[in-house]
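Trainee: Could we go through this structure together? I would like to discuss its side-chain contacts and its cores.

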Amino acid sequence: MGNIKIIKGVFEEKLELQDASIVAGFPSPADDYLHDTLDFNRDFIKHPEATFYGKVEGESMRDAGLFDGDRVIIDRAVEPHHMSIVVAWWDGGFTMKYLDLTHRSEGYIELRPANPDFPVFKIDNPDEFEIWGTVIHMIRTFEKI
C-alpha cells in the first residue's frame, strides 16, 4: 500500500554551491563577479527538527510530476491545505497523495492520487489515519554517478 519510504535527514552541515544560476543562452560578462551561493538548508529546510526526506515508490503521483525513485522533502511543521501533497499514515503504511478537503463538512476527506489508474481513498475514521507531513520540495536525479 505504501508508496513512500521515510528517511531522516541531517541538516547541521551546510551544502553550498557556487553560482546557482543557469543561463540557457550566451554567458554574461558579469558571471565572473557572481558571489551568491546556494545553501540547501537555508533555502529549502525551514524546520530542520520536523523535516524528513522521502523516497517515492510507485506511480500513483506521476501526473503531479513525482516519479518512482524521486526524493521529496517533507515538513511536518507545515499545515497542509486543500490539495496539498501530503504523506499520510493510513491502513498500516505511509502513502503520498493530494489532500482533498471538499467533503469535510460531510464527515470525510479523500486522499487523491495523481494517476487515474489508482483509487481515491475515502477517509471517514480519523482514528486510523494521520496526516504525517506536507511535501514541500521534490529532488530528481537525472544521471546516476
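Mentor: What follows is a discussion of a predicted model, taken topic by topic.

Trainee: Let us start with the salt bridges. How many are there?

Mentor: The count comes to 6 salt bridges.

Trainee: Which residue does Asp70 meet in a salt bridge?

Mentor: Asp70 pairs with Arg140, at 2.7 Å from N to O. The two residues belong to distant parts of the chain, 70 residues apart. Asp70 is in the loop between E4 and E5, and Arg140 is in the segment after strand E10 (129–139).

Trainee: Is Asp70 buried or exposed?

Mentor: Asp70 counts as buried, because its relative accessibility is 4% and the cut-off for buried is under 20%. Its partner Arg140 has 28% relative accessibility and therefore counts as partly exposed.

Trainee: What else does Asp70 touch, leaving out residues up to four places away in sequence?

Mentor: Besides Arg140, the residues that Asp70 touches on that basis are Gly54, Lys55, Val56, Gly65, Met138 and Ile139. As for the loop that holds Asp70, the flanking strands are E4 (51–56) and E5 (71–75).

Trainee: And Arg76, what does its side chain meet?

Mentor: The side chain of Arg76 meets that of Glu130 in a salt bridge of 3.3 Å, N to O. Arg76 lies in the loop between E5 and E6 and Glu130 in strand E10, so this pair ties together parts that are 54 residues apart in sequence. Arg76 is partly exposed at 38% relative accessibility, and Glu130 is partly exposed at 37%.

Trainee: What about Asp63? Which residue is its salt-bridge partner?

Mentor: Asp63 forms a salt bridge with Arg62, and the closest N and O atoms are 3.0 Å apart. Asp63 is exposed, with a relative accessible area of 51%, whereas Arg62 counts as partly exposed at 31%.

Trainee: Which residues are linked in a network of salt bridges?

Mentor: Asp100, Glu110 and Arg112 are linked in such a network.

Trainee: Changing topic to the rings, how many aromatic pairs are there?

Mentor: There are 4 aromatic pairs by the rule applied. One of them, formed by Trp90 and Phe121, is tilted, with 4.5 Å centre to centre and 35° between the planes. Trp90 lies in strand E6 (residues 85–90) and Phe121 in strand E9 (residues 121–123), so the pair ties together parts that are 31 residues apart in sequence. Both Trp90 and Phe121 are buried.

Trainee: Which residues do ring pairs link into a cluster?

Mentor: The cluster consists of Phe52, Trp89, Phe94 and Trp132.

Trainee: And which residue lies over the face of Tyr108?

Mentor: Lys122 lies over that face, at 4.3 Å from the ring centre.

Trainee: Now the interior. How many residues has the largest nonpolar core?

Mentor: The largest nonpolar core has 13 residues. Those with the most contacts inside this core are Val72, Ile74, Val87, Met96 and Val135. Strands E4, E5, E6 and E10 each supply at least two residues of the core.

Trainee: What is Ile74 in contact with, beyond its neighbours within four places in sequence?

Mentor: Its contacts there include Ile4, Ile6, Ala50, Phe52, Tyr53, Val87, Trp132 and Val135. Phe52 and Trp132 also belong to the ring cluster.

Trainee: Where does that leave Leu101 and Ile109?

Mentor: Leu101 and Ile109 are in another core of 10 residues, which lies apart from the largest one. Ile123 and Phe129 are also among the residues of this other core.

Methods. Residues are numbered from 1 along each chain as its sequence is written. This is a predicted model: local features need pLDDT of at least 70, side-chain atom pairs count only at pLDDT 80 or more; totals for chains, interfaces and linings use all residues. Side-chain values use heavy atoms; hydrogens and water are left out. Helices (H or I, at least four residues) and strands (E, at least two) are DSSP runs, numbered from the N terminus. Buried means under 20% relative accessible area, exposed over 50%, partly exposed in between (1.4 Å probe, protein chains only). Contact means heavy atoms within 4.5 Å. Rings of Phe, Tyr and Trp (its six-membered ring) pair if their centres lie within 6.5 Å; planes under 30 degrees apart count as stacked, over 60 as edge-to-face and the rest as tilted. A charge sits over a ring if NZ of Lys or CZ of Arg is within 6 Å of the ring centre and within 35 degrees of the ring normal. A salt bridge is a side-chain nitrogen of Lys or Arg within 4 Å of a carboxyl oxygen of Asp or Glu. A nonpolar core is a set of buried Ala, Val, Leu, Ile, Met, Phe, Trp, Tyr and Cys residues joined through side-chain atoms within 4.5 Å.
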